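Q: Please take a close look at one part of this model: the place where its side chains meet across the chain. Walk me through the contacts, then the surroundings.

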Amino acid sequence: MFTLWTLVEASLLCLNAVCVLHEERFLAKFGWGQQQNTEFGQPTAKAQILNLVRSIRTVAKIPLIFLNIIAIIFKLLLG
């Protein structure tokens, strides 16, 4: 059944996935590393996505820890 909790849990898992990505180990293999992002002029879509990933990783790291703790407790108590 699709509920609001399922939607929240899916978005939490996606945020975890974005925060776990490592630029030098994973993204650089596909040409999405920090060194490849040195274009001048108008930023490309790839550069904007990389900037969004870095911003999410920087801003959401601490709140994501607390959200994960709440989600784990909720799952333990209510199943």
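A: **A salt bridge and its surroundings**

Lys75 and Glu9 meet through their side chains in a salt bridge, at 3.6 Å from N to O. The pair links distant parts of the chain. Lys75 sits in helix α3, Glu9 in helix α1, and their positions lie 66 residues apart in the numbering. The model is predicted. The structure holds one salt bridge, and this is the pair that makes it.

How exposed are the two partners? Lys75 has 36% relative accessibility, so it counts as partly exposed. Glu9 has 25%, so it too counts as partly exposed. The cut-off for buried is under 20%, and exposed begins over 50%.

Next, Asn16. This residue is also placed in helix α1. Its side chain makes a polar contact with the side chain of Asn68, at 3.0 Å. Set aside the neighbours within four places in sequence, and Asn16 is in contact with Leu64 and Asn68. So Asn68 appears both as a contact and as the polar partner of Asn16, with contact meaning heavy atoms within 4.5 Å.

Now the cysteines. A search of the whole structure finds zero disulfides. Cys14 is in none, and the nearest cysteine sulfur, that of Cys19, is 11 Å away. Seen from Cys19, the nearest cysteine sulfur is that of Cys14, again at 11 Å. A disulfide needs the two sulfur atoms within 2.5 Å, so the 11 Å between Cys14 and Cys19 rules this pair out. Cys19 counts as buried, because its relative accessibility is 17%.

Finally, helix α2. It covers residues 45-59, 15 residues in total. From first C-alpha to last it reaches 21 Å, close to the 21 Å expected at 1.5 Å a residue. Which of its residues are buried? They are Ala47, Leu50, Val53, Arg54 and Arg57. These cover an arc of only 120 degrees around the axis, which puts them on the same side of α2. An α-helix has 3.6 residues a turn, so residues three or four places apart point the same way. On the other side of α2, Ala45, Leu52 and Val59 are exposed.

What do the buried residues of α2 pack against? They pack against α1 (4-20) and α3 (61-78). Those two helices also carry the salt bridge pair, with Glu9 in α1 and Lys75 in α3.

Notes: Residues are numbered from 1 along each chain as its sequence is written. This is a predicted model: local features need pLDDT of at least 70, side-chain atom pairs count only at pLDDT 80 or more; totals for chains, interfaces and linings use all residues. Side-chain values use heavy atoms; hydrogens and water are left out. Helices (H or I, at least four residues) and strands (E, at least two) are DSSP runs, numbered from the N terminus. The expected span of a helix is 1.5 Å times one less than its number of residues. Buried means under 20% relative accessible area, exposed over 50%, partly exposed in between (1.4 Å probe, protein chains only). The arc is that of the directions from the helix axis to the C-beta atoms. A polar contact is a pair of N or O atoms within 3.5 Å; within protein, one must be able to donate a hydrogen and the other to accept it, and residues adjacent in sequence count only if both atoms are side-chain atoms. A salt bridge is a side-chain nitrogen of Lys or Arg within 4 Å of a carboxyl oxygen of Asp or Glu.
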